Amino acid sequence: MKLKHGGRTLIVALTALLLTLVASVVAVAPAQAGTCATRGCGGRVINRSTMNVRIQNCWSGVAQIVFKDKHDCVKYPNNWYQKNADAELPPGGDSDWTTTFYYDVDGFRAYKGCITQYYWGSDSGNIQTEQPGGTSMWIKFSDPLTVTITSIRC
């Protein structure tokens, strides 16, 4: 590379290289869950069981299922008013009717030692069953999908 007009060409070349590097780093950064301001804008959980179900408004990693009692993204446990939080949705509860921080739910927990039954969207004829053993199981889903928990038995 020849330098023309003093160091200006070098500065332009270095700036272009720096912008290219920054753009490539931004392009591969993992997606982060966010909040949205209207009901129905994100993932939703409806709890038709007789027990609380733990929901979270964040997700980290690419796995669709994580076997842990506490998910890594949760920095504020039992909190309805923060991002990166989880909370217990009571029986009869609907995450869309809690706080704006849970208008976009990213996962729910099937408790260890319990049988959790649920269905996706409006497909109530296709009940899924999870029965984790010694560690709870977090199940990820994406907006604007609704998950309806029909039963939790421990």
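**Entry 1: cysteines.** I began with the cysteines, and the disulfides of the protein follow the pattern 1-2, 3-4, 5-6 when the bonded cysteines are counted along the chain. The model I am reading is a predicted one, and the structure holds three disulfides. I kept in mind that a disulfide is a covalent bond between the sulfur atoms of two cysteines.

I looked up the pair C36 and C41, whose sulfur atoms lie 1.7 Å apart, and noted that the link is right-handed, with 80° about the S-S bond. For C41 I read a relative accessibility of 26%, so I entered this cysteine as partly exposed.

Next I turned to C58, which a disulfide joins to C73 with an S to S distance of 2.0 Å; this link is right-handed as well, with 70° about the S-S bond. Because C58 lies in the loop between β2 and β3 while C73 lies in the loop between β3 and β4, the pair ties together parts that are 15 residues apart in sequence. I found C58 buried, with a relative accessible area of 2%, and C73 buried too, at 7%.

The remaining entry on this page is the disulfide of C114 and C154, with sulfur atoms 1.8 Å apart and a right-handed link of 105° about the S-S bond. C114 sits in the loop between β5 (107–110) and β6, and C154 sits in the segment after β9, so this pair ties together parts that are 40 residues apart in sequence. I noted C114 as buried at 4% relative accessibility, whereas C154 is exposed, with a relative accessible area of 63%.

**Entry 2: the whole chain.** I then stepped back to the protein as a whole and counted one helix and nine strands, which run α-β-β-β-β-β-β-β-β-β from the N terminus on. Of the 154 residues, 36% count as buried. The accessible surface comes to about 8,900 Å², and 58% of this surface belongs to carbon and sulfur atoms. Among contacts between residues at least 6 apart in sequence, I noted that 68% join residues at least 24 apart.

**Entry 3: the open sheet.** In what order do the five strands of the open sheet stand? I read the order as β3-β8-β5-β2-β4, with antiparallel pairing. The edge strands are β3 (65–67) and β4 (86–89), each of which pairs on one side only. Neighbouring strands of this sheet are turned by 25° against each other on average, direction ignored. Looking at one edge, I found that β3 pairs with strand β8 (residues 137–140) in the antiparallel sense over three bridges, and that F67 stands opposite M137 in β8.

For a residue inside this sheet I picked I55, which is found in strand β2 (residues 53–56) and is buried, with a relative accessible area of 0%. Leaving aside neighbours within four places in sequence, I listed its contacts, among them V45, W80, L89, Y102, F108 and W138. I also checked I55 against R44 and found the two 11 residues apart in sequence and 9.5 Å apart in space, C-alpha to C-alpha.

**Entry 4: strand β9.** I moved on to β9, which is mostly covered, since six of its eight residues are buried. Four bridges join strand β1 (residues 44–47) to β9, and these two strands run parallel; V45 stands opposite V147 in β9. Strand β6 (residues 115–120), by contrast, pairs with β9 in the antiparallel sense over six bridges, and there T116 stands opposite I152.

Is T146, in strand β9 (residues 146–153), buried or exposed? Its relative accessibility is 17%, and the cut-off for buried is under 20%, so T146 counts as buried. Not counting residues up to four places away in sequence, T146 touches R44, I46, Y119, W120 and G121.

**Entry 5: two asparagines.** Last, I looked for positive phi values in residues other than glycine, and noted N78, with phi near 55°, and N84, also with phi near 55°. N78 is found in the loop between β3 and β4, and N84 is found in the loop between β3 and β4 as well. I entered N78 as exposed, with a relative accessible area of 52%, and N84 as partly exposed, with 29%.

Methods: Residues are numbered from 1 along each chain as its sequence is written. This is a predicted model: local features need pLDDT of at least 70, side-chain atom pairs count only at pLDDT 80 or more; totals for chains, interfaces and linings use all residues. Side-chain values use heavy atoms; hydrogens and water are left out. Buried means under 20% relative accessible area, exposed over 50%, partly exposed in between (1.4 Å probe, protein chains only). Contact means heavy atoms within 4.5 Å. Two strands pair if DSSP finds at least two bridges between them. Axes are lines fitted to C-alpha atoms, for helices over the stretch in contact, and angles run from 0 to 180 degrees between N-to-C directions. Accessible areas come from the Shrake-Rupley method with a 1.4 Å probe; for residues, only the protein chains shown count as cover. A disulfide is a pair of cysteine sulfur atoms within 2.5 Å.
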